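Hi,

Here is the structure I promised to pass on. Have a look at it first, and my notes follow below.

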Amino acid sequence: MTADSVYNYTNFVEAQFEPWLNFEASPPLGRPAPDFPLTTLAGETVALSDIWRANRYTIIEFGSIT
Amino acid sequence: MDALAKRHEPEQVGAIFIYTHEAHPGENYPHHTSFEQKLRHAHDMKAKLGLQRPILVDSLAGDCHRAYGSMPNMSWIIDRLGRPVYKADWTDAEDVAGAVSQLLNLAERRRVEHKPMVPYVSNRLAYRFQDRDGFLAGLERSGPRAVTEYLAYKERQKQAGGGGIAPIRGAAGRSRKP
């Protein structure tokens with residue numbers, strides 16, 4: 001089983017989704033945030049840091065259609 | 001959240017939506033097995049929900065989502081230097097709006113008070129209205145299995161004594177509805 005398949009769990013049951021809920025260990029406020037490449041809907045790659053550098057503040061919401 | 005983003009755009013406040021894994025996989029939107037599928041689901045979300053903010057898709061393995069705590073609908077605010085200045089394990093537009101207003105007001109407070117300001121961290125328990133009907137409608141979009149699995153989960157929580165922090169209930173003993 002790969003990291004991809006475990007993260008992309010198949011069913012909404014505690015054994016599959018709870019291991020991923022880890023907000024307590026998320027990056028602390030006031031310290032440099034981790035940067036990642038992301039993909040636009042047009043298929044282009046952008047760095048998260050490029051976005052936060054372009055704005056005074058950047059609001060980031062995480063989610064999906066489900 | 002789109003309205004909030006639009007309102008603060010002139011003040012150089014950006015807003016993005018990062019597409020994660022499927023929190024409630026169902027027949028219509030099953031778990032991702034390829035990045036192309038994840039990208040398709042993100043396109044569908046924009047089309048069906050009319051999201052106005054730029055949608056950015058995380059890697060198939062959810063590298064970004066996982067690094068920030070993997071909550072299904074969390075919100076963060078990051079400043080120009082790459083420092084998180086707000087984080088919440090659930091998205092509530094009113095709460096985010098309050099944080100943005102407070103942040104934008106910092107410069108004015110410094111100007112008026114003529115005093116230096118130093119940062120501190122404030123943790124608090126916040127409450128939001130629960131839109132159960134809207135939530136269930138979202139699950140139905142994913143498919144019947146998503147609804148069944150969620151209701152079964154809630155039943156297991158109930159049998160186990162509730163779990164989590166108790167909600168604030170209205171005078172009639174029902175949870176407040178929006």
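A good place to start is a pair of strands that crosses between the chains: strand β3 (residues 57-63) of chain A and strand β1 (residues 13-19) of chain B run parallel and are joined by 7 bridges. Within that pairing, E61(A) has F17(B) as its bridge partner in β1(B). Please keep in mind that this is a predicted model.

E61(A) turns up again in a salt bridge with R53(B), where the closest N and O atoms are 2.6 Å apart. The count of salt bridges between chain B and chain A is 2. Polar contacts across this interface come to 39 residue pairs, with both residues at pLDDT 80 or more. On the side of chain B that touches chain A, helix α2 (residues 35-49) of chain B gives the most, with 10 residues. That side of chain B has 43 nonpolar, 19 polar and 19 charged residues.

As for the extent of the interface, 81 residues of chain B and 47 residues of chain A take part in the contact. About 6200 Å² is buried between the two chains, and carbon and sulfur atoms give 62% of that area.

Now to chain A by itself. It has 3 helices and 3 strands, in the order α-α-β-β-α-β along the sequence. Its radius of gyration is 15 Å, well over the 11 Å that the globule rule gives for 66 residues, so chain A is more spread out than a compact globule. Along the principal axes, its C-alpha atoms fill a box of roughly 40 × 30 × 20 Å.

Happy to talk it through whenever suits you.

Best wishes

Definitions and conventions
Residues are numbered from 1 along each chain as its sequence is written. Chains are lettered from A and ligands numbered from 1 in the order in which they are written. This is a predicted model: local features need pLDDT of at least 70, side-chain atom pairs count only at pLDDT 80 or more; totals for chains, interfaces and linings use all residues. Side-chain values use heavy atoms; hydrogens and water are left out. Contact means heavy atoms within 4.5 Å. Buried area is the accessible area (1.4 Å probe) that two parts lose on being put together, summed over both. A salt bridge is a side-chain nitrogen of Lys or Arg within 4 Å of a carboxyl oxygen of Asp or Glu. A polar contact is a pair of N or O atoms within 3.5 Å; within protein, one must be able to donate a hydrogen and the other to accept it, and residues adjacent in sequence count only if both atoms are side-chain atoms. Helices (H or I, at least four residues) and strands (E, at least two) are DSSP runs, numbered from the N terminus. Ala, Val, Leu, Ile, Met, Phe, Trp, Tyr, Cys and Pro count as nonpolar, Asp, Glu, Lys and Arg as charged, and the others, Gly among them, as polar. Two strands pair if DSSP finds at least two bridges between them. The radius of gyration is taken over C-alpha atoms; the globule rule is 2.2 Å times the number of residues to the power 0.38.
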